[in-house]
Amino acid sequence: MEFARSALRNFHQKHERVKHTVHTAWRYPLPPWGRFVMGCIYFSIPVVGGYAVMQWAISKSWESIGERGEKLRLKSVEGRGDVATLEDGTDRKIGAGGFGMGVHLAQSSAEDQERNRQMLERFFKKERRRRKKMVDEGKEGSAGENGG
């Protein structure tokens with residue numbers, strides 16, 4: 001136990017020396033354009049890294065479930081928000097409960113899903129009508145300008 005403490009203390013002291021050297025001896029004042037470039041680099045590293053991680057996660061998802069979910073055993077999600085089916089066929093509740101109390105997962109019944117589907121279809125139908133009306137009005141306006 002004493003060896004671990006001395007090793008951690010030694011590591012901490014060396015780390016502090018490195019930090020002090022980096023922030024004092026290696027410091028070089030940058031001109032404004034240099035500060036701008038460094039700001040761009042510091043900003044872009046997490047953005048590019050995050051993009052790479054997301055692309056990796058998408059490819060892994062496509063490998064396991066398919067691009068459109070065609071590899072899934074169960075295509076329906078009815079009542080499956082908080083239940084996982086294990087390999088032996090038994091269902092197990094997940095989320096909100098147990099160690100750490102978990103997360104409350106969303107659930108939806110077949111009725112909820114059907115109602116949401118109908119509302120989404122109505123929304124898209126209204127949106128198509130609105131866009132068609134805008135296009136038609138645009139054509140009439142330009143024909144009136146050219147004709148008169």
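**A walk along the helices**

Glu-127 and Arg-131 sit four residues apart in helix 3, so about one helical turn separates them. Their side chains form a salt bridge, with the closest N and O atoms 3.3 Å apart. Arg-131 is exposed, at 53% relative accessible area, while Glu-127 counts as buried because its 19% falls under the 20% cut-off. Elsewhere, Glu-114, Arg-117 and Glu-121 are joined into one network by salt bridges that share partners.

Keep in mind that this is a predicted model. The average pLDDT is 81, and 76% of the residues score at least 70. Helix 2 has the highest mean among the elements, 93, and strand 1 (residues 83-85) the lowest, 69. Where pLDDT is low, the coordinates shouldn't be read in detail.

Back to Glu-127, which also pairs with Arg-130, this time with N and O 2.5 Å apart. These two lie three residues apart in helix 3, again about one turn. Arg-130 is partly exposed, at 41%. Helix 3 spans residues 110-147 and also holds Lys-126, which is exposed at 59%. Lys-126 belongs to a positively charged surface patch with Arg-122, Lys-125, Arg-128 and Arg-129.

Now hop over to helix 1 (residues 2-24), where Glu-16 and Lys-19 are three residues apart and so about one helical turn from each other. They meet in a salt bridge at 3.2 Å, one of seven in the whole structure. Glu-16 is partly exposed at 34%, and so is Lys-19 at 36%.

Last stop: helix 2 (residues 32-65), home of Val-37. Val-37 is partly exposed at 37% and joins Trp-33, Phe-36, Ile-41, Tyr-42 and Ile-45 in a nonpolar surface patch of about 720 Å².

Methods
Residues are numbered from 1 along each chain as its sequence is written. This is a predicted model: local features need pLDDT of at least 70, side-chain atom pairs count only at pLDDT 80 or more; totals for chains, interfaces and linings use all residues. Side-chain values use heavy atoms; hydrogens and water are left out. Patches are made of residues with over 30% relative accessible area and no salt bridge: like charges are joined within 9 Å, nonpolar side chains (Val, Leu, Ile, Met, Phe, Trp, Tyr) within 5 Å. Accessible areas come from the Shrake-Rupley method with a 1.4 Å probe; for residues, only the protein chains shown count as cover. A salt bridge is a side-chain nitrogen of Lys or Arg within 4 Å of a carboxyl oxygen of Asp or Glu. Buried means under 20% relative accessible area, exposed over 50%, partly exposed in between (1.4 Å probe, protein chains only). pLDDT is the predictor's confidence in each residue, from 0 to 100. Lys and Arg count as positive and Asp and Glu as negative; His and the chain ends are not counted. The place of a charge is taken as NZ of Lys, CZ of Arg, CG of Asp or CD of Glu.
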